[in-house]
Amino acid sequence: MKKLSGVSASPGIVIGKFFLYQGNEFHDIPRYAIGKTQIDSEWRRFLAATEAAAADVRALHDKAVQETSKEKADIFQAHLMMLEDTEFQDQIKKQLEADRENIEWIVSDISRGIVSKMVSSSDAYLRERAVDIADVSHRMMHKLLGVKEFSLADLTEDVILVAHDLMPSEVLAMNKDRVKGILMDMGGRTSHTAILARAFGVPAVLGLSTVTREITTGDILVVDGGAGQVIINPSKSVLLKYQDAIKQYQRKQDKLLSEVDLPAETKDGHRVCLKANIEVPEEAEAVLHYGAEGIGLYRSEFLFLTPGQAAEEERQYHAYSSVLKAMGDLPVTIRTLDMGGDKVSPNIQPADDKNPLLGWRAIRMCLAQPDLFKTQLRAILRASVHGNVKIMFPMISGVEELEQALSLLEEAKAECLQRKQRFAKKIDVGTMIEIPSAALTADILAQKSDFFSIGTNDLLQYTLAVDRGNEKVSYLAQPFHPALLRLLKLTIDAAHAKGIKAAMCGELAGATFATPILLGLGLDEFSMTASAIPMVKRIILGTTIESCRTLAEKAMGCTSYKQTDTLVNAWLAEYFPSK
Ligand code: PEP
Ligand code: MG
C-alpha cells in the first residue's frame with residue numbers, strides 16, 4: 001500500500017483500476033537527411049500513409065452518416081478532400097525532392113506552415129478550417145510513425161484515468177461515462193482541466209508529480225478527490241474504510257440535495273443569488289437539479305476546443321440557444337471567447353505565444369480579430385430571443401478595452417438588423433474583474449458595465465504572480481491574502497456605489513470556507529460548479545449577515561492570510577460545529 005498526496009481538484013471517492021494515457025501529441029518529430037535513392041521509397045511511404053488515413057476517415061464518415069450526424073459527416077468529407085488534394089501532395093513531393101529529408105518531417109513542416117498561415121488569415125472561414133488541417137496532419141503522422149491513435153472517447157471500461165498532463169480539450173473528448181476518476185502528475189486546482197473534472201462530477205487529484213511512475217499494471221487505486229489523496233493497492237481495512245466513506249458521502253449529498261428548493265437566504269433575511277458555471281451546453285439542464293438560479297458563467301470557449309470541430313456562427317447559435325432554452329426564464333451569462341492560457345485551439349491560438357498567460361488571450365484576441373468576435377456576438381444576439389441572456393467580457397484590463405468591446409457589440413447589432421435577424425431589446429453587458437488593473441479601476445469600469453463578475457482564478461493568479469496550473473507554486477495561491485481581499489472589497493464597493501450587482505464566478509465563489517467573508521463583503525451573486533451550490537447554500541442558511549459583516553470587517557484588518565485563515569476557522573467552528 002502506498003499513499004500519494006496532491007491537489008484536491010474535484011471531490012468524491014472512487015475505487016478501481018486505472019488506465020494510463022500517454023497522449024497523442026508528437027513533440028519530437030524525427031528529422032534526418034535522406035539520400036537521393038531514398039526519395040522514391042519515402043514518397044511511397046507518404047502515399048501508403050495517405051491511403052491508410054483516407055480509409056480511416058471514410059469509415060468515420062460512413063459511421064457519422066449512419067448516426068445521421070450531418071455536421072460530423074461534413075467534417076470527415078472535408079478531411080477526405082484535404083487528404084486527396086493534389087496541390088498539397090505536389091507541395092510535399094517538391095519539398096521532399098528539394099530538401100531530401102524524411103517524409104514525416106516534410107509533412108509536419110508543411111502542415112505547420114499552412115496552419116499558421118490560416119490562423120493569422122483575415123478570412124474567418126480560413127481560420128476556422130485550420131483545425132481540420134491540423135487534424136488531418138495528426139492522422140497522417142500516426143500512420144507514418146506507425147503509432148496507433150487512441151482517443152479517450154473510445155474507452156469501453158470503467159477506469160481511473162491517469163496521465164502526466166491532460167489538455168482541457170482531451171477532457172472534453174473523453175468518454176465521460178467510463179472515466180470514474182482523474183489523476184495527473186501536473187495541474188493546479190483552478191486549471192481548466194480541474195474545472196472540467198468538477199463540472200463532469202469526476203473525482204480528481206492533480207499535481208501528484210509522480211503518479212504515472214508509481215503505478216504498475218494490475219494496481220487498484222483509491223481516489224479521494226476531496227482530500228487530494230490517492231492510495232495504491234490499499235490494505236483490506238483501508239479499502240473497507242473507503243467503501244464506507246463512499247456511502248457516507250452519498251448520504252451527505254442526498255441530504256444537501258433536499259434543500260435545493262430553499263431560497264439562498266441568511267437567518268436574518270439577507271438574500272443572495274446562487275448560479276452555476278457551465279463549460280458545455282449539455283450541462284445546462286443538470287444545473288437545475290442543484291438549485292441553480294441561472295448560469296453565471298458559460299465558458300463559451302469550450303465550444304471552440306471540441307476536437308475536429310470549427311465553431312462557425314450557426315454552431316454557436318445552436319449551442320447558445322440550447323442553453324437558453326434549457327434555462328427558460330432564468331438568466332444565462334455567456335462569457336465571450338476566453339481562448340489562450342491553457343485553452344488552446346489550433347484554429348485560433350497561434351502556436352508561438354511565448355508567455356500565453358500574459359499574452360494574446362481572451363478579449364485581446366477578440367479585439368484584434370473583429371470578425372471572429374462579431375461572429376460570436378451575432379450568434380449570442382440571435383440566440384437572445386430564446387431566453388434571458390447576459391453578455392460578459394473576460395480579461396478586461398482597462399476602460400479602453402471595454403469601450404472597444406462595447407462598440408463591436410453595437411456593430412454586431414447593426415449587422416443583425418441589416419440581416420433582419422431579431423434579438424432581445426435589452427441585454428445586460430458585464431465586465432469580468434480578473435486582472436488587478438480592472439479591480440483597481442472598478443469605479444471607472446462600473447460606469448460602463450451593467451454588472452461585474454469577479455474571476456478569482458485569474459485575479460489571484462495575476463495579483464500574486466502564481467501560475468494557476470503549476471502545482472509547485474499553488475501553495476502561494478491564498479485567497480485570503482490581504483491583497484486579494486482588498487481587491488475584492490474595492491470591486492464590490494465600486495459596483496454598489498454605481499448601483500450595479502457584484503457577482504463572482506471564480507472558484508472561490510463555490511468554496512464554503514470563503515462564503516461567510518464573501519457574504520460579509522456584500523457579494524450579491526455566487527456562481528460555481530453546480531454540485532457545490534447545495535454546500536454553499538447550507539452555509540448561507542445557517543448564518544446571519546450581521547455575523548458575516550463582522551467577520552469580513554475583522555478579516556480586512558488582518559495582516560496575513562494565516563491570520564484570516566485562523567479567524568475563519570474559528571468562525572466556522574462556532575457556527576458550524578459539526579463541519
Ligand atoms: C476566473 O478567472 O476566475 C474565471 C472564472 O475564468 P476562467 O477560470 O475561465 O479563467
Ligand atoms: Mg479567468
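Lys3 has Ile231 of strand 8 as its bridge partner. This pair belongs to a wider connection in the predicted model: strand 1 (residues 2–5) and strand 8 (residues 229–232) run antiparallel and are joined by 4 bridges.

Strand 8 has another neighbour too. Strand 7 (residues 220–224) runs antiparallel to strand 8, again with 4 bridges. Here Ile231 turns up once more, this time as the bridge partner of Val222. Strand 7 and strand 8 form a hairpin with 4 residues between the strands, and in this hairpin Gly228 takes a positive phi near 70°.

**The barrel**

Further along the chain, 8 strands close into a barrel with parallel pairing, in the order 9-10-11-12-13-14-15-16. From one strand to the next, the twist averages 25°. To look at one pairing in detail, take strand 11 (residues 331–335) and strand 12 (residues 388–393): they run parallel and share 5 bridges. Within this pairing, Thr333 stands opposite Lys390 of strand 12.

A helix accompanies this part of the barrel. Helix 12 (residues 313–327) lies across strand 9 (273–278), strand 10 (295–299), strand 11 and strand 12. The helix runs at about 160° to strand 10.

**The magnesium ion and ligand 1**

Which residues coordinate the magnesium ion (ligand 2)? They are Glu434, through OE, and Asp458, through OD, at 2.0 to 2.1 Å. The two come from distant parts of the chain, 24 residues apart. Glu434 sits in the loop between strand 13 (428–433) and helix 16 (436–440), while Asp458 is in helix 18 (residues 456–464).

Are these two residues buried or exposed? Glu434 has 2% relative accessibility, so it counts as buried, the limit being under 20%. Asp458 also has a relative accessible area of 2% and is therefore buried by that limit.

Ligand 1 has 17 residues around it, and those that come nearest are His192, Arg299, Arg335, Asn457 and Arg468. Glu434 and Asp458 appear here again, since each has a side-chain N or O atom 2.9 Å from an oxygen atom of ligand 1. The table sets these contacts beside one made by the backbone of Gly455.

| Residue | Atom in the residue | Distance to an oxygen atom of ligand 1 |
|---|---|---|
| Glu434 | N or O atom in the side chain | 2.9 Å |
| Asp458 | N or O atom in the side chain | 2.9 Å |
| Gly455 | polar backbone atom | 3.4 Å |

Glu434 and Asp458 thus have a double part in this picture: they coordinate the magnesium ion, and their side chains also lie 2.9 Å from an oxygen atom of ligand 1.

Note on methods: Residues are numbered from 1 along each chain as its sequence is written. Chains are lettered from A and ligands numbered from 1 in the order in which they are written. This is a predicted model: local features need pLDDT of at least 70, side-chain atom pairs count only at pLDDT 80 or more; totals for chains, interfaces and linings use all residues. Side-chain values use heavy atoms; hydrogens and water are left out. Two strands pair if DSSP finds at least two bridges between them. Axes are lines fitted to C-alpha atoms, for helices over the stretch in contact, and angles run from 0 to 180 degrees between N-to-C directions. Contact means heavy atoms within 4.5 Å. Donors are N, O and S atoms within 2.8 Å of the metal (3.2 Å for Na, K and Ca); water is not among the atoms, so sites may look incomplete. Buried means under 20% relative accessible area, exposed over 50%, partly exposed in between (1.4 Å probe, protein chains only). A residue is near a molecule or strand if one of its heavy atoms lies within 4 Å of it. A polar contact is a pair of N or O atoms within 3.5 Å; within protein, one must be able to donate a hydrogen and the other to accept it, and residues adjacent in sequence count only if both atoms are side-chain atoms.
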